[in-house]
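Subject: Structure handover

Hello,

Here is the structure for you to look through. Please open it first, then read my notes below.

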There are 2 protein chains.
Amino acid sequence: MTTTGKSATKNDVRPRLRIVSGRDIALGPGKVELLELLGSTGSIMEAARQMGMSYMRAWTLIRTMNQCFKEPVIRAVRGGSKGGGARLTKTGREALALYHKMNARCLHATKADWKRLKPLLRD
Amino acid sequence: MTTTGKSATKNDVRPRLRIVSGRDIALGPGKVELLELLGSTGSIMEAARQMGMSYMRAWTLIRTMNQCFKEPVIRAVRGGSKGGGARLTKTGREALALYHKMNARCLHATKADWKRLKPLLRD
């Protein structure tokens with residue numbers, strides 16, 4: 001199964017931070033992408049479509065996030081002609097900004113060790 | 001990070017770093033756990049059992065890792081009475097150590113922002 005040619009192989013480190021709240025995942029790469037799309041599109045249906053997930057799946061993720069935080073991260077209106085509107089709350093914007101900062105700091109902090117790990121990988 | 005708390009709900013941040021090599025995941029939380037168990041048990045069957053995965057699944061992960069690195073990370077002997085022996089190579093030990101260092105540095109670097117994100121979550 002060796003399908004990777006020289007140009008196709010690219011080595012990279014991806015933080016993929018997970019914020020756990022009890023048994024739930026409050027935030028992770030998928031939920032953060034959903035939050036961003038909800039913020040930019042204002043539509044649950046459109047955000048779900050862009051992520052290749054069902055409307056119901058997006059709702060489940062929103063509900064989990066909202067339950068994990070003291071205040072909702074998304075204010076949503078179910079159904080309607082546009083398939084449900086969504087708006088990031090103040091808490092949602094704060095959580096998103098902090099997650100991105102943590103991501104950036106993680107990448108920066110791991111740079112030196114990544115420089116030592118990378119040469120062990122095939123180019 | 002210690003996760004043992006009194007209550008069921010406990011908020012935590014988990015780096016879950018992913019090392020990507022082309023289309024493959026060279027290292028991630030699952031593969032790192034497998035590497036550790038292979039190192040400590042010396043047995044593919046036992047490592048697979050402890051992770052609740054099949055022997056074949058463990059083999060697939062080992063093959064992927066070995067293909068991603070210039071030198072194999074695991075030296076394995078397929079089959080046999082003990083269900084396949086396994087030994088971490090020098091590269092494997094180095095990769096594992098660097099991954100853990102990156103993990104620790106990530107946790108340390110995200111601490112300040114995590115202190116601001118945590119109060120937004122339910123206790």
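Let's start with where the two chains meet. This is a predicted model. In it, 41 residues of chain B are in contact with 42 residues of chain A. Together the two chains bury about 4,100 Å² between them. Carbon and sulfur atoms account for 60% of that area.

There are charged links across this interface too. Chain B and chain A share four salt bridges. One of the pairs to look at is B:D113 with A:R105. Their closest N and O atoms are 2.9 Å apart. Polar contacts add to the picture: 18 residue pairs across the interface of chain B and chain A, with both residues at pLDDT 80 or more.

Which elements of chain B give two or more residues to the side that touches chain A? They are β1 (11–14), β2 (18–21), α3 (55–68), α4 and α5 (111–117) of chain B. The largest share comes from α4(B), with nine residues. By class, this side of chain B has 19 nonpolar, eight polar and 14 charged residues.

**The disulfide**

How many disulfides does a search of the whole structure find? The search finds one over all chains. A:C106 and B:C106 form the disulfide, and their sulfur atoms are 2.4 Å apart. The pair crosses between chains. A:C106 sits in helix α4 (residues 90–117) of chain A. B:C106 sits in helix α4 (residues 90–109) of chain B. In general, a disulfide is a covalent bond between the sulfur atoms of two cysteines.

The link of A:C106 and B:C106 is left-handed, with -115° about the S-S bond. Are its two cysteines buried or exposed? A:C106 counts as buried, because its relative accessibility is 0%. B:C106 is buried as well, with a relative accessible area of 0%.

Now look at position 68 in each chain. Why does A:C68 have no bond to the closest cysteine sulfur? That sulfur is in B:C106 and lies 20 Å away from the sulfur of A:C68, so the two are too far apart for a bond. The cut-off for a disulfide is 2.5 Å. B:C68 is in a matching position: the closest cysteine sulfur, in A:C106, is 20 Å away, too far for a bond. A:C68 counts as buried at 2% relative accessibility. B:C68 is buried too, with a relative accessible area of 3%.

**Salt bridges**

The structure holds twelve salt bridges over all chains. The pair B:D113 and A:R105 crosses between chains, from helix α5 of chain B to helix α4 of chain A. Check the exposure of each partner. B:D113 counts as buried, at 3% relative accessibility. A:R105 is partly exposed, with a relative accessible area of 39%.

Chain A has a salt bridge of its own between the side chains of A:R116 and A:D113. The N to O distance is 3.8 Å. How many residues apart are these two in helix α4 of chain A? They are three residues apart, so about one helical turn separates A:R116 and A:D113. A:D113 is buried, with a relative accessible area of 3%.

Chain B has one to view as well. B:D12 forms a salt bridge with B:R14, and the closest N and O atoms are 3.6 Å apart. B:D12 counts as buried at 3% relative accessibility. B:R14 counts as partly exposed at 33%. Some salt bridges share partners: these join A:K101, A:R105, B:D113 and B:R116 into one network.

**Chain A as a whole**

Last, step back to chain A. Its secondary structure comes to four helices and five strands. From the N terminus on, the elements run β-β-β-α-α-α-β-β-α. Chain A has 123 residues, and buried residues make up 43% of them. Now take the contacts in chain A with a separation of 6 or more. Residues 24 or more positions apart account for 52% of these.

If you want a place to begin, find A:C106 and B:C106, the pair that forms the disulfide. Then move to B:D113 and A:R105, which form a salt bridge.

Best wishes

Conventions: Residues are numbered from 1 along each chain as its sequence is written. Chains are lettered from A and ligands numbered from 1 in the order in which they are written. This is a predicted model: local features need pLDDT of at least 70, side-chain atom pairs count only at pLDDT 80 or more; totals for chains, interfaces and linings use all residues. Side-chain values use heavy atoms; hydrogens and water are left out. Buried means under 20% relative accessible area, exposed over 50%, partly exposed in between (1.4 Å probe, protein chains only). Contact means heavy atoms within 4.5 Å. Buried area is the accessible area (1.4 Å probe) that two parts lose on being put together, summed over both. A polar contact is a pair of N or O atoms within 3.5 Å; within protein, one must be able to donate a hydrogen and the other to accept it, and residues adjacent in sequence count only if both atoms are side-chain atoms. Ala, Val, Leu, Ile, Met, Phe, Trp, Tyr, Cys and Pro count as nonpolar, Asp, Glu, Lys and Arg as charged, and the others, Gly among them, as polar.
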